[in-house]
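Here are a few notes to read alongside the structure, written for someone meeting it for the first time. Please keep the model open as you go through the points.

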2 protein chains.
Amino acid sequence: MKKNYMFTPGPTMVPAEVLLSEASPLIHHRTPQFSDILKNVGEGLKELFGTEEDVYIVTGTGTAAMETAIANTCSAGDKVICVRAGKFGERWAEIAEAYQCNTFNVDLEWGQSLSVDRAEKLLSEHPDAKALCITHSETSTGALTNVESIASLTSKKDTLLIVDAITSIGVHRVEMDKWGVDIMVSGSQKGCMVPPGLSFIAASERTWKHIESSASPRYYLDMRAMRKNWRKFQTPYTGPVSLVRAMQKALEMMNDEGLENLYERHRRLAEATRAAMEAIGLDLLASNPVNGVTSVLAPTGIDTGKLTKKMRDEYGVTIAGGQGHLKGKIFRIGHMGYVNGEDLVVCISAVERALKELGYEFEFGAAVSTAHKMLFGG
Amino acid sequence: MKKNYMFTPGPTMVPAEVLLSEASPLIHHRTPQFSDILKNVGEGLKELFGTEEDVYIVTGTGTAAMETAIANTCSAGDKVICVRAGKFGERWAEIAEAYQCNTFNVDLEWGQSLSVDRAEKLLSEHPDAKALCITHSETSTGALTNVESIASLTSKKDTLLIVDAITSIGVHRVEMDKWGVDIMVSGSQKGCMVPPGLSFIAASERTWKHIESSASPRYYLDMRAMRKNWRKFQTPYTGPVSLVRAMQKALEMMNDEGLENLYERHRRLAEATRAAMEAIGLDLLASNPVNGVTSVLAPTGIDTGKLTKKMRDEYGVTIAGGQGHLKGKIFRIGHMGYVNGEDLVVCISAVERALKELGYEFEFGAAVSTAHKMLFGG
């Protein structure tokens with residue numbers, strides 16, 4: 001009997017309770033009933049974002065919310081600093097280029113994060129930059145950026161701080177307001193345990209004057225329409241009823257667990273994963289790792305494409321390979337959202353099994369027992 | 001016991017089979033399994049669109065696909081003719097204006113449709129128009145446009161014909177290729193019986209040179225990325241796994257019914273609705289009505305906002321009121337997608353009941369018996 005386990009960095013596993021909420025009979029989106037649900041989901045999102053600003057729901061995946069951030073604040077010719085330390089940092093640059101911005105790209109080795117010193121230097125050298133775009137949790141490498149410290153710099157400048165928090169929301173504590181982030185975006189299919197199709201965006205007060213004046217063409221992603229409609233707890237266009245209901249249930253489950261417990265669970269899962277991989281002699285890619293996904297360098301001679309295919313097709317355990325130039329060279333274990341210690345043991349066991357079958361020599365069982373001890377050893 | 005009936009022009013009722021498919025355990029979007037599903041859904045969409053071109057799936061509601069059409073073909077300054085005979089015709093103009101096109105708006109009385117003569121005249125007077133944007137089934141008025149005849153004109157010209165088929169796909173036979181439509185868009189939450197969150201777009205071969213050269217900024221909605229990824233049956237960004245699975249089940253159900261039977265069912269539901277309303281002395285708004293929704297003029301002195309609220313809150317039967325300047329003045333009965341004759345009798349009964357309670361004088365029962373006879377009288 002092969003079960004389907006997903007340890008992917010998105011979409012992630014979705015609890016049956018959330019799937020069944022998604023499957024509720026349809027209601028119309030222009031009803032007080034749906035507005036009540038939107039209001040409720042909006043409150044939950046504000047807590048996850050750490051903001052008093054409204055968090056808008058975009059029907060679209062995370063990239064739609066990223067584009068919403070750029071299209072609403074940056075116009076052709078505006079200078080935009082994009083930190084490219086992975087696939088999703090590169091995406092900021094691609095979107096800004098699509099909008100004919102004058103991008104200044106900061107290329108870091110994949111697995112590294114923008115340092116606060118470098119951020120300070122960049123902001124001094126480019127006082128005319130309209131925005132600095134960074135990635136809180138870079139899903140392609142598993143590296144964490146110190147958003148809090150970088151925001152303490154941008155909040156003293158005219159440069160807006162735009163943050164991709166797609167795989168950090170629901171995994172790491174995020175404090176958009178306290179830190180001073182200007183725009184934060186996220187998506188449903190990561191820490192939030194909901195199928196893909198929803199993304200989220202919030203903007204700081206000072207951002208709105210840019211949103212009002214941006215010359216970039218936009219309609220579906222126009223935040224002015226989102227704000228106007230959100231005042232009545234409505235979406236500008238047809239509301240994604242079933243996914244919003246799924247989100248409502250997921251938020252309820254997250255609140256039942258308690259946000260502090262939820263962040264602590266992710267911290268423990270990440271620590272156990274890292275220790276387990278090191279216990280069988282493998283190196284981690286990220287020097288400052290996130291808690292939602294762990295990137296592991298493959299042993300010499302092992303193609304991670306083969307590893308992930310074997311795990312998925314033979315054991316039913318899906319993890320991710322590398323993206324871009326890291327394709328074949330790393331594997332990524334997602335442990336965000338609906339993942340507990342028991343699940344992680346299953347995953348680590350499957351990784352060991354596949355590595356062994358592919359010819360890697362190591363003490364079979366060392367990773368599983370390390371994870372087991374760290375998770376359940378008290 | 002109050003059940004929830006939706007006779008709305010979108011979102012529409014979703015079969016339990018489709019809801020349960022949507023609730024299937026998640027799979028990852030970059031897997032052969034999901035590519036197979038996408039391929040299968042793509043084949044079904046091609047049949048509904050009447051095209052050999054690929055139909056791309058956009059994670060977003062219908063408006064996202066409409067914007068995809070404009071952003072990929074029209075650049076700032078391009079002349080775009082927009083036919084505004086309802087809220088969704090107006091949307092074409094709003095999107096084209098957002099993209100700084102030089103819009104030429106053709107305003108028709110709501111409920112009217114663009115005539116072929118008028119289309120011919122417009123195309124001769126504006127040979128420089130990049131596109132003519134029309135609405136096949138105008139949901140806000142229930143009026144049908146003769147796309148086939150208009151396409152026979154545009155296909156001889158350089159002007160592209162862009163068609164909103166959001167509430168006609170799955171309701172009316174559509175022949176994108178045979179008619180010569182250049183871009184056609186639709187959405188999941190109408191005739192397709194799937195919750196909101198997916199939209200669809202296909203482009204004719206001659207459209208691609210415009211897509212390649214459009215200067216409008218776009219990223220999430222870039223059709224070049226859609227085409228490139230579709231070759232591997234992938235989506236450019238995270239695939240909307242659960243909604244695509246719902247779509248697969250809905251297409252299966254539509255094919256089980258048979259497309260000819262499905263179009264015939266909609267024709268009969270629409271005819272019965274129109275006859276039922278006329279039987280109690282009410283007038284219809286559209287002179288050339290669609291088969292997915294029927295717009296009915298309210299009797300003097302009756303506010304349709306009150307009518308629809310009473311029906312929804314007291315009987316559990318949701319229909320729609322009017323939009324824009326028709327708010328309060330018309331009501332709209334949606335009979336598209338997962339609606340059969342039995343359902344329609346429920347709806348007409350509720351309409352009669354609400355009209356009577358609001359003081360309209362008519363022969364109580366005349367609408368229900370008319371619909372019943374037309375649907376089941378053999």
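**Notes on backbone and sheet**

1. A good place to start is P11(A), which sits in the loop that links β1 (5-6) to α1 (16-22) in chain A. Please keep in mind throughout that this is a predicted model. The peptide bond between G10(A) and P11(A) is cis, with omega about -5 degrees. As background, most peptide bonds are trans.

2. Now turn to chain B. There, G10(B) and P11(B) are joined by a cis peptide bond, and omega is about -5 degrees. P11(B) belongs to the loop between β1 (5-6) and α1 (16-22) of chain B.

3. Two further spots in chain B deserve a look for their phi angles. As a reminder, most residues other than glycine have a negative phi. Q100(B), however, has a positive phi, near 55 degrees. You will find Q100(B) in the loop running between α4 (87-98) and β4 (102-107) of chain B. Is Q100(B) buried or exposed? Q100(B) is partly exposed, because 15 other C-beta atoms lie within 10 Å, and a residue counts as buried only if 20 or more do.

4. The second spot is M193(B), whose phi is also positive, near 65 degrees. M193(B) is part of the loop between β9 (183-187) and β10 (198-203) of chain B. M193(B) counts as buried because it has 28 C-beta neighbours inside 10 Å.

5. Next comes the sheet. In chain B, seven strands form an open sheet with mixed pairing, in the order β2-β10-β9-β8-β5-β3-β4. Which strands stand at the edges? They are β2 (56-59) and β4 of chain B; each has a single partner strand, so one side of each is left without a neighbour in the sheet. From one strand to the next, the twist averages 20 degrees.

6. Within this sheet, it helps to follow one pair of strands. β8 (residues 160-164) of chain B runs parallel to β9(B), and three bridges join them. Across this pair, I162(B) stands opposite I183(B) in β9(B). In general, strands of a sheet pair through backbone hydrogen bonds, either parallel or antiparallel.

7. Finally, look at the helix against the sheet. α4(B) packs on the sheet and touches β3 (79-84), β4, β5 (131-135) and β8 of chain B. The direction of α4(B) makes about 155 degrees with that of β3(B). The loop holding Q100(B) lies between this helix, α4 (87-98), and β4 (102-107) of chain B, so you can trace it from the helix to a strand at the edge of the sheet.

Conventions
Residues numbered from 1 in each chain as written. Chains lettered and ligands numbered in written order. Predicted model: local features only at pLDDT ≥ 70, side-chain atom pairs only at ≥ 80, totals over all residues. Helix = DSSP H or I, 4+ residues; strand = E, 2+ residues; numbered from the N terminus. Buried ≥ 20, exposed ≤ 12 C-beta atoms within 10 Å, placed from the backbone. Pairing = 2+ DSSP bridges. Axes fitted to C-alpha atoms, helices over the stretch in contact; angles between N-to-C directions. Contact = placed C-beta atoms within 7 Å.
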